[in-house]
Every structure is written in C-alpha cells, then in structure tokens.
Amino acid sequence: MFACHRRPDRSFFWQGKPFPVCARCTGLYLGYGSGIVLALFFWSWVSYAAILLLIPLIVDSLTQSWQWRTSTNPLRFITGLLGGIGIIGFTLALAYSATVYLQSYFSSTSY
C-alpha cells in the first residue's frame, strides 16, 4: 500500500502528533517486515497461511467501507499486520512458483 489517506482520526499518536500513516498502513508496513523474517524461519507456512492471513484485512476493510460497522484503530492495526504478513507470504510463494516453473522450462528447452 503506497498511498495512505493519513487521516488523523485513523492514526496512532506519539507525543501528541499523529503517525505519518494510518493505523492500518502502520500494521501493513510492520507486517511486511515481519513476513520477511517469518518466511526465513518458517518457509513451509508461506503458501498455506498467506491467503488465510489476508481474510481479516479484507473483511475489516470491506465491512467498514460498506458502512456496516465502524472499525477501531487497534483492529485496523492488527488486520493490517496480518495482511502485511499475508501479502509478503503470497508474493514469496508466487515468486518461488514462478522460479521453479522457469527453471524447468529453460532446462527442458534446447538451444
């Protein structure tokens, strides 16, 4: 997520000043870093858990967007954190699958 609305009412505050990004984006960015570290130690979970970790983010975002309920900053942060880990896991699993496919394709191609 490269664009953040940066609304102060949806941001955490530190020493009276709002974070430069909202609570959900803060969770996403921390999730990206956490996802990379977790993938280094738990590679086998990456392809299986990635999609499951995205579900809370999608549900929270959509139900808030559809005005079914109001989300809180801690919930936005947690779903962003899980979603960030899931995005990294999904990206790494996709990159790994593409690498394996391309290796098998080029190894079977004669020049």
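**View 1. Cysteine 25 is buried, with a relative accessible area of 1%.** Buried means under 20% relative accessible area, exposed over 50%, and partly exposed in between (1.4 Å probe, protein chains only). This is a predicted model: local features need pLDDT of at least 70, side-chain atom pairs count only at pLDDT 80 or more, and totals for chains, interfaces and linings use all residues. Residues are numbered from 1 along each chain as its sequence is written, and side-chain values use heavy atoms, with hydrogens and water left out. Cysteine 22 is buried too, at 4%. A disulfide is a covalent bond between the sulfur atoms of two cysteines. Here a disulfide is counted as a pair of cysteine sulfur atoms within 2.5 Å. Why do cysteine 25 and its closest cysteine sulfur not bond? The closest sulfur belongs to cysteine 4 and lies 3.6 Å away, too far for a bond. For cysteine 22, the closest cysteine sulfur is again in cysteine 4, at 3.6 Å, also too far. The count comes to 0 disulfides.

**View 2. Confidence varies between the elements of the chain.** The score is pLDDT, the predictor's confidence in each residue, from 0 to 100. Its mean over the chain is 89. In all, 95% of the residues reach 70 or more. Helices (H or I, at least four residues) and strands (E, at least two) are DSSP runs, numbered from the N terminus. Helix H1 (residues 23-41) has the highest mean among the elements, 94. Strand S2 (residues 17-18) has the lowest, 88.

**View 3. Five residues make up the largest nonpolar core.** They are Ala39, Trp45, Val46, Ile85 and Ala93. A nonpolar core is a set of buried Ala, Val, Leu, Ile, Met, Phe, Trp, Tyr and Cys residues joined through side-chain atoms within 4.5 Å. What does valine 46 contact, leaving aside its neighbours within four places in sequence? Its partners are Ala39, Gly89, Leu92 and Ala93. Contact means heavy atoms within 4.5 Å.

**View 4. Tryptophan 66 and tryptophan 68 form a tilted aromatic pair.** Rings of Phe, Tyr and Trp (its six-membered ring) pair if their centres lie within 6.5 Å; planes under 30 degrees apart count as stacked, over 60 as edge-to-face and the rest as tilted. The count comes to 6 aromatic pairs. In this one, the centres are 4.9 Å apart and the planes meet at 55°. Tryptophan 66 is partly exposed, at 47%. Tryptophan 68 is exposed, at 61%. Elsewhere, Phe12, Phe19 and Phe77 form one aromatic cluster.
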